Amino acid sequence: MRIGVYGGTFNPIHIGHTSLAQSLVEQHMVDEVWLMVSPQNPMKQPTADDYQHRLNMARIATRGMAHIRVSDFERSLPLPSYTITTLNSLSHEYPQHQFTLIIGADNWQRFGHWYQADEILRRYSVIIYRRPLFDIDPHTLPPNVSIADTPLYDVSSTEIRNRQKLKMTSPDVLKYIRTHHLYFCHTISADSNPEP
């Protein structure tokens, strides 16, 4: 089976994440997408937000979505979570599957700075999804790297943590955020409109 590995902190997960995963499956670019919730992204500062909350929200957001799976596989791996370590460990654990890395156009532009980037490209295929303000020339890509024609969502997890664009999360995730007082949302009443 062709598995797309879509890693991130998902802090929190939003509609852009889930719509992208569904789109890649619908376009038959992969058979399944595994959302790899990272305990710690080596390219970002460690987050104080609890890993279990991020995992729970990802599972809530993908409930009932066919061919989308939330994985805590990186929980058992050494920190920080390097992509090559994750991919190699997945290939060892699930030799029956073919793994493809899914990354945004913004990450592709700095991909050369990733740990063992050449080894990733040597062993795995890569799908790049579009991001606002980041253009990729398909003629410059290696043969095993492709660009997906996926919807553009102008939203980031940072905006949601800062109480902007809260409607870009699923209602059940937003309820979870409020119930557990995450991202300062305990100051927002259930009846308030989070959009400016």
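# Exercises on a predicted protein model

Of the 196 residues in the protein, 45% count as buried, where buried means under 20% relative accessible area, exposed over 50% and partly exposed in between, with a 1.4 Å probe and protein chains only. The model is predicted, so that local features need pLDDT of at least 70 and side-chain atom pairs count only at pLDDT 80 or more, while totals for chains, interfaces and linings use all residues. Residues are numbered from 1 along each chain as its sequence is written, and side-chain values use heavy atoms, with hydrogens and water left out.

## Exercise 1: the overall fold

Task. State how many helices and strands the protein has, and give the pattern they follow along the sequence.

Solution. Begin with the elements themselves: the protein has 7 helices and 6 strands, taken as DSSP runs (helices H or I, at least four residues; strands E, at least two) and numbered from the N terminus. Reading along the sequence then gives the pattern β-α-β-α-β-α-β-α-α-β-β-α-α. Turning to contacts (heavy atoms within 4.5 Å), 65% of those between residues at least 6 apart in sequence join residues at least 24 apart.

## Exercise 2: the pairing of α2 and α7

Task. Determine whether helices α2 and α7 are roughly parallel or roughly antiparallel to each other, and identify which residues meet between them.

Solution. Two packed helices are described by the angle between their axes and the distance between the axes. The axes of α2 (residues 51-61) and α7 (residues 171-179) come within 8 Å and cross at roughly 155 degrees; these axes are lines fitted to C-alpha atoms, for helices over the stretch in contact, and angles run from 0 to 180 degrees between N-to-C directions. Angles under 35 degrees count as roughly parallel, over 145 as roughly antiparallel, 65 to 115 as roughly perpendicular and the rest as oblique. The two helices, α2 and α7, are therefore roughly antiparallel to each other.

As the next step, take the residues: His53, Asn56, Met57, Ile60 and Ala61 of α2 meet Asp172, Val173, Tyr176 and Ile177 of α7. The residues of this contact divide into 6 nonpolar, 2 polar and 1 charged, with Ala, Val, Leu, Ile, Met, Phe, Trp, Tyr, Cys and Pro counted as nonpolar, Asp, Glu, Lys and Arg as charged, and the others, Gly among them, as polar. Finally, consider burial within α7, where Val173, Leu174, Tyr176, Ile177 and Arg178 are buried; the buried residues of α7 pack against α2.

## Exercise 3: cis peptide bonds

Task. Locate the cis peptide bonds that precede Pro12 and Pro80, and place each proline in its loop.

Solution. A cis peptide bond joins Asn11 and Pro12, with omega about 5 degrees, and Pro12 is found in the loop between β1 (2-8) and α1 (15-26). The bond from Leu79 to Pro80 is also cis, its omega being near -5 degrees, and Pro80 belongs to the loop between β3 (68-71) and α3 (83-93). Asn11 can also be related to Asp50, 39 residues away along the chain, since their C-alpha atoms are separated by 9.4 Å.

## Exercise 4: positive phi angles

Task. Describe where His67 and Leu133 lie, and how their side of the backbone map is signed.

Solution. His67, which is not a glycine, has a positive phi of about 70 degrees and sits in the loop between α2 and β3; at a relative accessible area of 45%, His67 is partly exposed. Leu133 has a positive phi near 75 degrees in the loop between β5 (125-129) and β6 (145-148), and is exposed at 86%.
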